Amino acid sequence: MSAVPADAPVPPAFDVSNDVVEAVAPEREIAVEVGDNIMEIKNLTVKFGGLVALDDVSFNIKRGEILGLIGPNGAGKTTCFNAMTGVYKPTSGDVVLEGVSLKGVKQHRITRRGLARTFQNIRLFGEMTALENVVVGLDARHKTSVVGALLRLPRHTREEKTSVERGMALLEFVGIADQAGVLSRHLPYGSQRRLEIARALATDPKVLCLDEPAAGFNPAEKEDLMVLIRQIRADGYTVLLIEHDMRLVMGVTDRIVVLEFGRKLADGIPVDIRNDPRVVAAYLGEPEDDVA
Ligand SMILES: Nc1ncnc2c1ncn2[C@@H]1O[C@H](COP(=O)(O)OP(=O)(O)OP(=O)(O)O)[C@@H](O)[C@H]1O
Ligand SMILES: [Mg+2]
């Protein structure tokens, strides 16, 4: 079952012998050690009318770590992402990225400051190819003016070439380079999820927030995704991961924050979270045997 229509645009040639990591993250320090706080979530509260979706939640994200954010349905995980990335204005509290508050900062500027995210419900440009979707993300970083782009001034030409090369490198990195020319709505579901990650990476984030990237995946696809997330971290990114699959969360994260009814219930290393009776009760509502 090929999702590639016969008339699909031919993707530009990409020399896979190039160092993909180099193209993906040319100025990035590779293999950053888990260290200081890159982000601080401070007493974050989000209310929707009478509903308190996030209630005075505080936690830190350390540079170079994979931090899990878990909790039952409706616990406030996505709301937390939305408040961090400027989709929702927090009712109170603050989000600090590299020592600078994001309070009142617009969404696209938050992206520019280095915070990128994927969506629980995939949001791609369906009528654009995979490559084009990534290039749009790359454009968020570009300096060329609209006038410059229209007149095709030298800088624009240079950036366009670089965008295509970097876009291809990102697709290669997430494992879908062979589908670069396929309209994203024609991509298999798993490829769409990977494309979302590539598009987020294209903004050259310092912190990458993934909202249930394995939703709908079979066990083999989940294994592959774990490999990709580890690779993303190994390339110097900090990752915040919302995920329901306990095996995946326990297998890939360095630390886990647990939310329940909008409040932080626990914050610790996976083995402690796994054995925390409050977490087991809250998350599963079932005996510990079910945590697998
Ligand atoms: N825009 C909104 N308007 C009103 N209520 C909202 C809005 N967004 C979220 N909520 C409510 O806030 C609470 C937290 O929702 P949220 O989507 O953050 O949960 P979640 O932990 O991501 O859950 P899931 O695991 O199901 O994705 C829920 O009660 C939800 O109904
Ligand atoms: Mg959610």
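**Notebook: helix 2, ligand 1 and two sheets**

I began just past helix 2: G86 follows this helix, and its phi is positive, near 85°. The model is predicted, so I kept to its limits: local features need pLDDT of at least 70, side-chain atom pairs count only at pLDDT 80 or more, and totals for chains, interfaces and linings use all residues. Residues are numbered from 1 along each chain as its sequence is written, while chains are lettered from A and ligands numbered from 1 in the order in which they are written.

**Entry 1: overall count**

I counted elements next. The chain has 11 helices and 10 strands. Both are DSSP runs numbered from the N terminus: helices are H or I with at least four residues, strands are E with at least two. Of the 292 residues, 39% are buried. Buried means that 20 or more other C-beta atoms, placed from the backbone, lie within 10 Å of the residue's own. I then took contacts with a separation of 6 or more; residues 24 or more positions apart account for 71% of them. A contact needs C-beta atoms, placed from the backbone, within 7 Å.

**Entry 2: around ligand 1**

Which residues surround ligand 1? I listed F48, L51, A53, G71, N73, G74, A75, G76, K77, T78, T79 and Q120. The cut-off is a C-beta atom, placed from the backbone, within 6 Å of the molecule. Strand 2 (51-62) and helix 2 (77-84) are the elements that give two or more residues to this shell. Helix 2 gives the most, with 3 residues. By type I found 4 nonpolar, 7 polar and 1 charged. Here Ala, Val, Leu, Ile, Met, Phe, Trp, Tyr, Cys and Pro count as nonpolar, Asp, Glu, Lys and Arg as charged, and the others, Gly among them, as polar.

I went back to helix 2 for burial. It is mostly covered, with 8 of its 8 residues buried. They run K77, T78, T79, C80, F81, N82, A83 and M84.

**Entry 3: the six-stranded sheet**

I traced an open sheet of 6 strands in the order 6-7-8-3-9-10, with mixed pairing. Two strands pair if DSSP finds at least two bridges between them. Strand 6 (115-117) and strand 10 (263-268) each have a single partner strand, so one side of each lacks a neighbour in the sheet. Neighbouring strands are turned by 20° against each other on average, direction ignored. Helix 8 (residues 219-234) packs on this sheet and touches strand 3 (66-70), strand 7 (207-211) and strand 8 (238-242). Its direction makes about 150° with that of strand 8. Axes are lines fitted to C-alpha atoms, for helices over the stretch in contact, and angles run from 0 to 180 degrees between N-to-C directions.

Is strand 3 buried or exposed? I found 5 of its 5 residues buried. I66, G68 and I70 point one way, L67 and L69 the other. In a regular strand the side chains alternate between the two faces of the sheet.

I checked the partners of strand 3. Strand 8 runs parallel to strand 3 and is joined to it by 4 bridges; I66 has V239 as its bridge partner there. Strand 9 also pairs with strand 3 in the parallel sense, over 4 bridges, and L69 stands opposite V257. Strand 9 (residues 255-260) pairs with strand 10 in the antiparallel sense over 5 bridges. There, V258 has A266 as its partner.

**Entry 4: the four-stranded sheet**

I closed with an open, antiparallel sheet of 4 strands in the order 2-1-4-5. Its edge strands, strand 2 and strand 5 (100-101), each pair on one side only. Strand 1 (residues 37-48) joins strand 2 through 8 bridges. Here K47 stands opposite V52.

Conventions: Contact = placed C-beta atoms within 7 Å. Buried ≥ 20, exposed ≤ 12 C-beta atoms within 10 Å, placed from the backbone.
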